[in-house]
Amino acid sequence: MPTAAKLISALILAAVGWMCGELVKPLMPEGRDLSYLSPTTAISGLIVGWFYLGPRADKGLGSSGANAGTTLFVQVFVTLFAFSFSQMISNSLRKRYEGPIEALQDIFIIGFDMVVEYTTAEIAAVAILGTFVASSSAFYAARKWG
């Protein structure tokens, strides 16, 4: 069921995802097609906001910080999983894996490497502040219109 909290959290987290995607672009190697980066991060924010943060927004203002922290973790995981899965499919089409288990294990290795390589203070600050704004806004939207 659509609610104001779901809509607000989805839109704010999509904007946060887009901004983080734009901040990652200068860190990527040259020659890569980056046209899909920001839309993918925005879509992951939209999904996490609608299905994860939105339904939890009416728990109380005290849980707003906890919701922000777990939402940040979920959004980072979903985004990294999407990019890692895409890279794994690309590697498997090049016959780089001996079997399916090795390919599935490589998803997490690729994701960890992305976290280490592309995490900066600016990206972390935007993500943390953005999820706190989204969580607080969703809470107030749930109180006012929910």
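**Entry 1: Phe77 and its partner.** I looked up the exposure of Phe77 in this predicted model. Phe77 has a relative accessible area of 45%, so I entered the residue as partly exposed. I then turned to Phe81, which counts as partly exposed at 36% relative accessibility. Both residues belong to helix H3, which covers residues 64-93. They are four residues apart, about one turn of the helix.

**Entry 2: Aromatic pairs.** I asked how many aromatic pairs the count gives. The count comes to four. For Phe77 and Phe81, the ring centres are 6.3 Å apart and the planes meet at 20°, so I recorded this pair as stacked. The cut-off that matters here is an angle under 30 degrees between the planes.

**Entry 3: Along helix H3.** I next examined Phe81 and Phe85, which also lie in helix H3, four residues apart, about one turn of the helix. Their rings form a stacked aromatic pair, with 5.9 Å from centre to centre and 25° between the planes. Phe85 has a relative accessible area of 37%, so I entered this residue too as partly exposed. I noted that ring pairs link Phe77, Phe81 and Phe85 into a cluster.

**Entry 4: The nonpolar surface patch.** Which residues make the nonpolar surface patch? I listed Phe73, Phe77, Phe81, Phe85, Ile89, Leu93 and Phe108. The area of the patch is about 760 Å². The three phenylalanines of the ring cluster, Phe77, Phe81 and Phe85, are thus among its members. I also checked which element gives the most to the patch: H3 does, with six residues. One patch member, Ile89, is found in helix H3. I read its relative accessible area as 34%, so Ile89 is partly exposed.

**Entry 5: A charge over a ring.** I looked at the surroundings of Tyr52. The charged end of Arg56 sits over the ring of Tyr52, at 4.0 Å from the ring centre.

**Entry 6: The nonpolar core.** I then moved from the surface patch to the buried residues. The largest nonpolar core has 16 residues. I noted those with the most contacts inside this core: Cys20, Val24, Met28, Met88, Tyr97, Met114 and Tyr118. Which elements give two or more residues to the core? I found helix H1 (4-24), H3, helix H4 (100-118) and helix H5 (121-145). The largest share comes from H4, with five residues. I noted that H3 appears in both records: H3 gives six residues to the nonpolar patch, and H3 is among the elements that give two or more residues to the core.

Terms used:
Residues are numbered from 1 along each chain as its sequence is written. This is a predicted model: local features need pLDDT of at least 70, side-chain atom pairs count only at pLDDT 80 or more; totals for chains, interfaces and linings use all residues. Side-chain values use heavy atoms; hydrogens and water are left out. Rings of Phe, Tyr and Trp (its six-membered ring) pair if their centres lie within 6.5 Å; planes under 30 degrees apart count as stacked, over 60 as edge-to-face and the rest as tilted. Buried means under 20% relative accessible area, exposed over 50%, partly exposed in between (1.4 Å probe, protein chains only). A charge sits over a ring if NZ of Lys or CZ of Arg is within 6 Å of the ring centre and within 35 degrees of the ring normal. Patches are made of residues with over 30% relative accessible area and no salt bridge: like charges are joined within 9 Å, nonpolar side chains (Val, Leu, Ile, Met, Phe, Trp, Tyr) within 5 Å. Accessible areas come from the Shrake-Rupley method with a 1.4 Å probe; for residues, only the protein chains shown count as cover. A salt bridge is a side-chain nitrogen of Lys or Arg within 4 Å of a carboxyl oxygen of Asp or Glu. A nonpolar core is a set of buried Ala, Val, Leu, Ile, Met, Phe, Trp, Tyr and Cys residues joined through side-chain atoms within 4.5 Å.
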